[in-house]
Amino acid sequence: MPEQKERKALKLVSRSARQWKAVHMKDEKPCPISFERDYSGVTTAADYADAWLRLGKAVAVMPDRESVCGTYFISDSGCNRIAVFKPVDEEWGQSGRPLSSEPFKGYAEAFLLGECAYKEAAAYLLDHNNNAGVPQTAIVKCVYPIPTCFGVSSGMGAFQVYQDNVGDADDYGPGIFSKENVQRIATFDLRVLNCDRHGGNLLVQETMDAKVRKLIPIDHGYILPDRVVTPPWPAWMQWPQVREPVHPSVKSYIQSVDFSHDLAMLEEELADKIHSGSLRTLRITTHLLKSAVDIGMSLYETGLLVYSSGTGKSKSVLEKVADEAYAAGLVREQRIESQLDLTALEHSSSAEGKLQPTTEDFIVRYASKLIDRHLEVLQGFGSCISRARSHPNFLRRPSDKPPKKSLISSSGSSPVASGRLREYRALRLSSPSHRPEN
Ligand SMILES: Nc1ncnc2c1ncn2[C@@H]1O[C@H](COP(=O)(O)OP(=O)(O)OP(=O)(O)O)[C@@H](O)[C@H]1O
Ligand SMILES: [Mg+2]
């Protein structure tokens, strides 16, 4: 065989995947990393795809559904799908994908160009113990070009194990999905502030039980926005499973989530690819999710604070909280700069024996305080929350329009204000059909 054929056509780039392979298959140089995730599926798929690519017989086809980014099914010569490859170069706005339509209108500031593949890899990492069922995903480098309808594709990209499926959530009613399955996915979306959870991004698989189907969450290029935004109404917000009390196993998972662990993991694996704004978002959403579930709110009730139930133009409570915190952070920065008091700051910190928090910390703490206060108010009206939990009324027709008034005062004052209970109830009972136009 010519020497060139011996070269890898597809290289695993993710350190954690390479380490898994080194430990379990002794087929990679060790690449020590402080955490362990299961990459058995990805490494097998990558080896298989590599072999077909080297033979020059791998096939790359695009899914039927037109998408704004380059997504390819890599198949063997018999057209058996091995994996989904999403090259960085073919993400929206990148050189390999000169498309006109802008995805996620209005989210331009929230997502930086060329980071979707890394977000896909981050999604798998953040889905601890495969809680939500995100398919195994790693960053790979495709060394041999793959012929595609857009020319040839090579370079870095997200490589995800192909999941057999019988369609997506848009093809079914929600009644065939288990409460736990739906709640685990909702938990994931809330935690990473997923901005792209339409039904097409939930694949459906058959199970042993003919009456139950399983949801597989895919397409995580638009998670962890650089600043907190109001994502479009996700598919599951319209489903009854999220209005029920949080399943005990889901609750204990949420309680176990630890932002500092997530941060260390993302920094180690994806270093400069996941930006500080995204990490700040994760910190704020983790705080909201944990606190809301702690006081007995359902995932639907939590979702009402995160998604816009109106026309899609109105900001969520969470976005308003974050805006207020960003503004406070800016004021703090300006004050520090204008006083030119950095030296004094250093002295005062050492005198107190502790460091001043960074503006990043300050923003997160500020937002967390506002969230806590907001939840306190809702908890003060706790009877409405617990009644909703014990007697969910999914058939109730909407009688109120979503509130026009913000739950957070635009003046930047405390989020506590009169009339909250009425507004909150209106939100809680507002129709699932108030899906924003995306
Ligand atoms: N891991 C997977 N297993 C099986 N099919 C998949 C997988 N990932 C994606 N697909 C299929 O490919 C389609 C496009 O993938 P995906 O949604 O991830 O990319 P996209 O380019 O962002 O698409 P869109 O813009 O339409 O949401 C999906 O709708 C799904 O049918
Ligand atoms: Mg999609």
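In helix α5, the buried residues are N181, V182, Q183, R184, I185, A186, T187, F188, D189, L190, R191 and V192. That comes to twelve of the helix's 14 residues, so in this predicted model α5 is largely enclosed by the rest of the structure. The partners are spread over several elements: the buried residues of α5 pack against α4, β8 (213-217), α6 (248-256), α8 (276-294) and α9. The length of the helix works out as well. At 1.5 Å a residue, the 14 residues of α5 (residues 179-192) should span 20 Å, and the C-alpha atoms at its ends are indeed 20 Å apart.

Just past the end of α5 comes L193, with a positive phi of about 50°. L193 sits in the loop that leads from α5 to β7 (202-206). This loop residue counts as buried because 26 other C-beta atoms lie within 10 Å. As for the backbone angle, most residues other than glycine have a negative phi. L193, with its phi near 50°, is a residue other than glycine with a positive value. A271 is another such case, with a positive phi near 25°. A271 belongs to the loop between α7 (259-270) and α8. Here the surroundings are sparser by count: A271 has 10 C-beta neighbours inside 10 Å and therefore counts as exposed.

Helix α8 also holds S276. S276 is classed as exposed because it has 11 C-beta neighbours inside 10 Å. Even so, S276 has a partner from elsewhere in the chain: D226 is 50 residues away in sequence, yet the two C-alpha atoms are 7.6 Å apart.

Back among the partners of α5, helix α9 (residues 299-306) is mostly covered, with eight of its eight residues buried. The run takes in L299, Y300, E301, T302, G303, L304, L305 and V306.

Helix α4 brings in the nonpolar interior. The largest nonpolar core has 102 residues, and the members that touch the most others are A49, A83, A121, A122, A138 and A367. The biggest contributor to this core is α4 (residues 116-126), which supplies nine residues. The core also draws on both domains, taking at least three residues from each of domain 1 (3-161) and domain 2 (224-429). A121 gives a feel for how one of these alanines is placed. Setting aside neighbours within four places in sequence, A121 is in contact with S14, T137, A138, I139, A158 and L270.

Next come the strands β2, β3 and β4. Strand β3 (residues 72-75) pairs with β2 (residues 59-61) in the antiparallel sense, over three bridges. Within that pairing, V59 has S75 of β3 as its bridge partner. Strand β3 is also joined to β4 (residues 81-87), again antiparallel, by four bridges. There, Y72 is bridged to F85 of β4. The side chains of β3 alternate along the strand: Y72 and I74 point to one face and are buried, whereas F73 and S75 point to the other and are not. Strand β4 is mostly covered, with six of its seven residues buried. Five residues lie between the strands in the β3-β4 hairpin, and among them C79 takes a positive phi near 65°.

Stepping back to the whole chain, the protein has 14 helices and eight strands. Of its 438 residues, 40% count as buried. Contacts over long stretches of sequence are plentiful: among contacts with a separation of 6 or more, 73% are between residues 24 or more positions apart.

Confidence varies along the model. The chain averages a pLDDT of 82, and 75% of the residues score at least 70. At the start of the chain, residues 1-5 stay under 50, and the model gives this stretch two contacts beyond four places in sequence. Residues 350-354 also have a pLDDT below 50, with one contact beyond near neighbours in sequence. Where pLDDT is low, the predicted coordinates should not be read in detail.

Technical notes
Residues numbered from 1 in each chain as written. Chains lettered and ligands numbered in written order. Predicted model: local features only at pLDDT ≥ 70, side-chain atom pairs only at ≥ 80, totals over all residues. Buried ≥ 20, exposed ≤ 12 C-beta atoms within 10 Å, placed from the backbone. Helix = DSSP H or I, 4+ residues; strand = E, 2+ residues; numbered from the N terminus. Core = buried A, V, L, I, M, F, W, Y, C linked by C-beta atoms within 7 Å. Domains from an automatic or database assignment. Contact = placed C-beta atoms within 7 Å. Pairing = 2+ DSSP bridges. pLDDT = per-residue confidence, 0-100. Expected span 1.5 Å × (residues − 1).
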